[in-house]
Structures are given as structure tokens and as C-alpha cells.
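The following exercises practise the reading of side-chain contacts in a protein model. Each task is followed by a solution in steps.

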Amino acid sequence: MKVIIFPIAILAGSLAMAQQAPAPAAKDTVKGNAKEIEAVTLVARKPTVESKIDRTVFNVANSAILAGNTTWDVLRMTPLVSIDNNDDVKAEGQMVTVYINDRKSVFTGKELKEYLKTIPADNLMKIEVITSPSSRYETSGSVINIVLKKRDDEGIKGSISLNNRQSTKNSQYTNFNLNYHKKKFTQTFIGGYNSGNYVQKTQTWDNRYATNKLTQFNLENVMRNESPSLSSTSEFELNDKNNIGFVAEYSQSRNLSLAESNGMIFNNGEPGDSFNQTQNIWGFNRNLGTNAFYKYYDKEKNRILDINLGTNYSSNDNDNLIDKQIINQTGSSAQQLGVISSNQMRNYYLKVDYTQPLGKSGGTIEVGGKTEINNHIIPNSLYGFSMADVNSEFYNLARNDTFHYEDNLSSLYANYSKTFFKKLETRIGVRYEYIDYKVRQDVAGTERRDAYGTFLPNLLLKYSFSEKFDLSLTYNRTIWRPWYSEFNPFLVPEINGTYSRGNLYLNPNPNDRLYMKFGILKKYFISARYMHTNQDYWTTYVTENGRTVSLPGNFDGKVEKYYLFANTNQNFLKNKLNVNAGFGWYYINNKDFNEKNKLGGKDYISYWGASANVSYTNLFNKNINLSAWVELANQNNGNSYANNTNVFHNISVTKIFPKTQMELSMQLMNIFKRPYGDNTTYSPDGTFREYSKWDWYGVSLTFVKRFGNQKVKENTKTDVEKNGGGGK
């Protein structure tokens, strides 16, 4: 409590000093430094949330929500976006592909989380949630595009921020920005260092149908993470039409996890063996991405040629040591297992995009393609004194083998967009993707090779009845391909008493989506979505040699999802108060899916969701910004059902000191109710329920010092893309 009261007292003192300043002096300060204030504080020219034909845009450049947060934190607060307890990012409940400045990120899940936590939120211009992506995107469902700021005023400018966050334990963040622009050359550096401590408490109930066996676990996991990062962007303007540049991003993290659990096994309701288990995980991760680009842009003729050549590399070194003690009626036994891994991922790609108008018809065409090569290696090395004990549950695990994943993915696309009668915007597109991949094990000799091509069409229509009313309709066919690690066949013990592995025979999931949106007065939006698939893959649980194993599995069966959503964005009090609110109803028909897979789950799922962002700028004309965010969320995914509805909330206040270009912010996270996850996963073999108390709560204090001219310009769409019938 003392740690919480201390930053509150500091901030309250700062606000009190601001309020107690003599009236004439305060008035003169505001008048005399109007230009300086404008240079330091970015003035919002757009609504915080824009609802467009194919996307929802969260304009955060001038939002108080950035204070004290990382890009990962702000992504949590983005409308339509949810993040589950496995760190999977979803948009309207569907998995997404994440882009940064229109460049696809190679990271997913926890890797993506750690990477985005190294990018300070202060660098954000906006986050685009593209629910109906055009054929230009490497679509695997929806797309989230994170757009960073671009500064191009002469000279050097930048900022440094210091953050202290208190939840169960204390964490610190330090970030800096440095930008230099001279004539036609721009250089930007972004760096950060995160020293975080997290605590998670979890209970699990593992119920196997065949043996009527119930395993109950209680565990606590204390995690420590140290993550430095650095990114560099160099751009040179050859002339008015030609630009070249190079982007390099590097991050690393050192992780230490100390977990302890205890459990009990019940057979037919009778108590059996009990056990204690400790797990120590040490990890060291590296991520390096490079991108060399050339861009030709003829503003008069609206022609664009964009060429990108890049590489991505990541490595993950882990040492996972488990000590387990089993207690039964005859005594106790000790078992030990260590898992050493040194995963490596390599990605190489070439991407070309071209856009131009077609004569005087007013239409625009986009064409392009991409080819990429992926080479991933996952070794599996085990050690421990119980490896040779036939009575040990670790006895017959595969060891000293290496898993390989290699693929070549190539794609071509074309989009044509045109506006008819100045009222009807249209876009039609198609994308063709061909993948040739191979998965294999060195020692076991297991191998799978496959290749297939697929066409992914999309259609977009928008009719404007007037300036106040419009109606849009989109159709997309998408395909979600398994991530390379989801093929990994090696069994890995988990702290909750289960094991996890991939599935060599996992197949992709195609689906079709229809989306309709009605806009009223450019402030109110009502939308409806329908999604259909005949096959999907989700996490399931099976019993193998007496072990409960989680793995991704293919499920046949029809699934239909229906969404209704209402959203509004309003500005009040001379644009000082911004309110964005959304409310949704979700309905899922899983009847055929459950019957064909004998899951025993819920045939029909209905639930509500809602979110709201409220911000007030320049309170009392004292350069004080207030921000609040709240979300009502459920997590229902395929064969996994939420047992609770979470209410997330975040409140922040920021005091800006224009003369010294400094800011002081305080943020309160989920202080009224700590969020927790509670979901049950159904499989043909049994059910698995997990209840977790999350560590995303507490208070943080952030200090920011800026220098130089802080004005920015958008690093986003060109005129062609803005006016091309929904465009990119």
C-alpha cells in the first residue's frame, strides 16, 4: 500500500501546485507560450476511433492512454481487440496477423508479446484493426497494423521515459527515442529496457472420461524478465519521387521462471496419489529483423512502386528443470527431468507492390506478390536422474532429436477499385498463395511433405445515401495456416501436470466471412458479421501412455458465428472530451462441431461484450490530460468456453510541463477488481479447466522528458490508398 500511496502523493502534489499558481501568471504563461505548447502537445485532428469501410482505426497519437504503457498494453485497450491468457491476439474473437508499419511481423503468441513490450507506446501514431483486408495482405483472418510516428522536422529531437510499475511485485521500464532529420535524410533510433516481475496463481482440474480420473493442481509461478531492445530506421529521399531506406530491429530477453505446484489425483471420486512439483526455467531469446526498401511515388499520376527485401531471425535458448515428488500409500518417490532447447527461426522474403490509376475511368489497380523462405530448427535434449527408471513417468520420452520445418510460400494478388456515381465505392480482389513445406525429425525419421495452392477472393461495396448515411458490405475468404511450432512433435512437461506437443499432421483452416456496416451521421455505426467454416483446429487434450497431453488438433464440423455490434465516437466540450463506446452481442452455433467430434460441449453460445475509451484534454486549462478505459470481455474459442466475464479497466492522469517539455503520469490498472481467467476446454478424451489470477493490476508512475520539436506527421496511407474504394 505504501508503494501505491507514494506515486499518488507525488502526482497529487504536482497537480496541486499547478492549481495554486497565481491566476495572472498562469494566464500569461498560457498566452505567452501558446506556440511552445502547440509544439510540445500534439493536437488531435481526428476522432480517437474512426470506423471505416474495412477497418477500425484507433488514433492514439495524442491520447493520455499512452502514458506509462508499452505498445502491448495499448493493443489490449484497442477497440475490437482481445488478448487471451495464452497471449494470443484476436479481433472480434478471430485470430489475427500483426503488421508494424505495413510490414508483417514474424512473431506470434508470447514471442509477439515480448517484442511489442519493448516498443514504448509513446511512438504510436495509431492502430488499425482491419477486419476486411484486401488481397494485398497475407491474410490469415483479420489484420492489425501498428503505425508508428514519423518525425521529419530539421535537427535532433527525441524523448526519454522512466516508468515504475507496482503490481504483486515491482517492475521498471526505460525507453528512449532519438530522431535526426537533415534535408533529405532521416534517421530514427528507438530503444528500451524492461525489468519486469510477474506472479501468476493458477488452479486446474483435469478430468479424463475413460478412467474417471480427476487431477487437481494448485500452482504459483514467479517470473522475471529483462528485455533490452533497439530499432533503427534510415530513410533517404533521392528526389521527389524516389526514396530508399533500411530498417533494423533487435530485441533480446532473459527470462527466469520459478514455479511450484501441488496436486491430488482422484480415481472414481476416491483420493489417490498426491504430488509436489517445482519447475525452474531459464531462457534467453534474441530477435533480429531487417528490411531494405525502395519506394517510387508519383504524386501527380498517383503511381506507387514499393519493393521490400528483408530477413528475420530469432533464437530461443531454454533450460527447463522439473523436480517432482509423488506421495502414495506405500511411501514417496522423487523424479527429475531437464529439457534443453535452442530453437532457431530464419525467414527471408522479397515483396513487390504496384498501384496506379487506370486512365480516366477513375478506377485504381493494385498488383503485387511476395516470395519467402522459412527454415526453423527445434532440438530436443533431455537429462535427469530418472530418465533410466522404468517406473518414472519421464522414462520413455524422446530425447536427443531435432525437429526441422522448412517452407517456400509464394503469392500473387490483384485488386481493382472504382467509385461509381460518386456514391458507390467498390473493390474486388483475389489472392493466390502456394506453399511447399516439409517437416521432419532427424532421429525418429518421421517426415511429412505437402504442397497446395489456394485462391482467396474478396469483395467490398459501400453505398453513400448522403453525407450522413452509408452502408457497406464485404466478403472475404481466408485461410489460417499452422505456425511452425505447432508441428513440433516433442513432448514438453508443463508445470500444471500436463504435457504439450505439436501435431505433424495438422491442416490449415479455411473460412468465409460476410460483414455489413451501417453508418449514421459519421458518429454511429451498426455492424453485423457472419463467419462459416467446415473444419478448424484448436487446442485439445488426449491421453498418451497415462499422460494428459495438450496439442493442436483438427476438428471436422460446421461452425457458424454471428456478431452484432454498435459503436459511437463523440467529441464534446470543444473537442476536449472524447468518448468512444461499443457494445456487441455474439452467438456461436457449435452443434455440428460438437456432435462430429463428440466433445460434449455447449452447442450454442451467446454472450455480450463491450468497451469504452474516455479522454479529457487540458483539464482546467492546466495541461492535465485524463484517460479511462473499460472492457467487458469473454473468451470463447472453438472447444474452449469462458466460465466468467471479465471487466478490465484502466485510469490515467498526465500533467504536462510545456516550458521544460516534461510529463508526469500516473496510471491505475484494474484497481477495483483484479482480472482472472476461467475457461474449460472440451475434448473427446475429457475436459480441462484452468482458473488463473492475472498480474495485470496495480499502479504505475511515469516521467517523460522531451527535447527538440515534437511535431509529427502521419506515416500512413497515400492519396491513392485513401481514395481507392477502401484501398489497402
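**Exercise 1: Two rings in neighbouring steps**

Y437 is buried, with a relative accessible area of 4%. The model is a predicted one.

Task: Classify the burial of Y405 and the geometry of its pair with Y437.

Solution.
Step 1. The relative accessibility of Y405 is 5%, so this residue counts as buried; the cut-off for buried is under 20%.
Step 2. A pair of aromatic rings is described by the distance of the centres and the angle of the planes.
Step 3. For Y405 and Y437, the ring centres are 6.3 Å apart and the planes stand at 25 degrees. Planes under 30 degrees apart count as stacked, and therefore the pair of Y405 and Y437 is stacked.
Step 4. Y405 belongs to strand β18 (residues 401–420) and Y437 to strand β19 (residues 424–441), so the pair ties together parts that are 32 residues apart in sequence.

**Exercise 2: A second aromatic pair**

Task: Determine how the rings of Y99 and Y137 are arranged, and where the two residues lie.

Solution.
Step 1. The structure holds 24 aromatic pairs. One of them joins Y99 and Y137, with 5.2 Å from centre to centre and 85 degrees between the planes.
Step 2. An angle over 60 degrees counts as edge-to-face, and the pair of Y99 and Y137 is edge-to-face.
Step 3. Y99 is in strand β5 (residues 94–100), whereas Y137 is in the loop between β7 (124–130) and β8 (142–148). The two residues are 38 residues apart, and their pair links distant parts of the chain.
Step 4. Both Y99 and Y137 are buried.

**Exercise 3: Charges over rings**

Task: For R76 and K324, name the ring beneath each charge and give the distance to the ring centre.

Solution.
Step 1. R76 lies over the face of W696, at 4.5 Å from the ring centre.
Step 2. K324 lies over the face of F275, and here the distance from the ring centre is 4.9 Å.

**Exercise 4: Salt bridges and burial**

Task: State the N to O distance for the salt bridges R55 with D54, D450 with R448, and D678 with R689, and describe the burial of the partners.

Solution.
Step 1. A search of the whole structure finds 31 salt bridges.
Step 2. In the bridge of R55 with D54, the closest N and O atoms are 3.1 Å apart. R55 is buried at 4% relative accessibility, and D54 is buried at 2%.
Step 3. D54 and R55 also take part in a network of salt bridges with K126, E128 and R427.
Step 4. D450 and R448 meet at 3.6 Å, N to O. D450 is partly exposed, with a relative accessible area of 28%, while R448 is buried at 11%.
Step 5. D678 and R689 meet at 2.8 Å, N to O. D678 lies in strand β33 (residues 676–683) and R689 in strand β34 (residues 686–693), so the pair ties together parts that are 11 residues apart in sequence. D678 counts as buried at 7%, and R689 as partly exposed at 32%.

**Exercise 5: Backbone angles**

Task: Describe the phi of K422 and of N618, and locate both residues.

Solution.
Step 1. Most residues other than glycine have a negative phi.
Step 2. The phi of K422 is near 60 degrees, a positive value. K422 is found in the loop between β18 and β19, and this residue is exposed, with a relative accessible area of 81%.
Step 3. The phi of N618 is likewise positive and near 60 degrees. N618 lies in the loop between β28 (604–616) and β29 (624–633).

Definitions and conventions:
Residues numbered from 1 in each chain as written. Predicted model: local features only at pLDDT ≥ 70, side-chain atom pairs only at ≥ 80, totals over all residues. Heavy atoms only, no water. Phe/Tyr/Trp six-rings, centres within 6.5 Å; stacked < 30°, edge-to-face > 60°. Helix = DSSP H or I, 4+ residues; strand = E, 2+ residues; numbered from the N terminus. Buried < 20%, exposed > 50% of the residue type's maximum accessible area, 1.4 Å probe, protein only. Lys NZ or Arg CZ within 6 Å of the ring centre and 35° of its normal. Salt bridge = Lys/Arg side-chain N within 4 Å of Asp/Glu carboxyl O.
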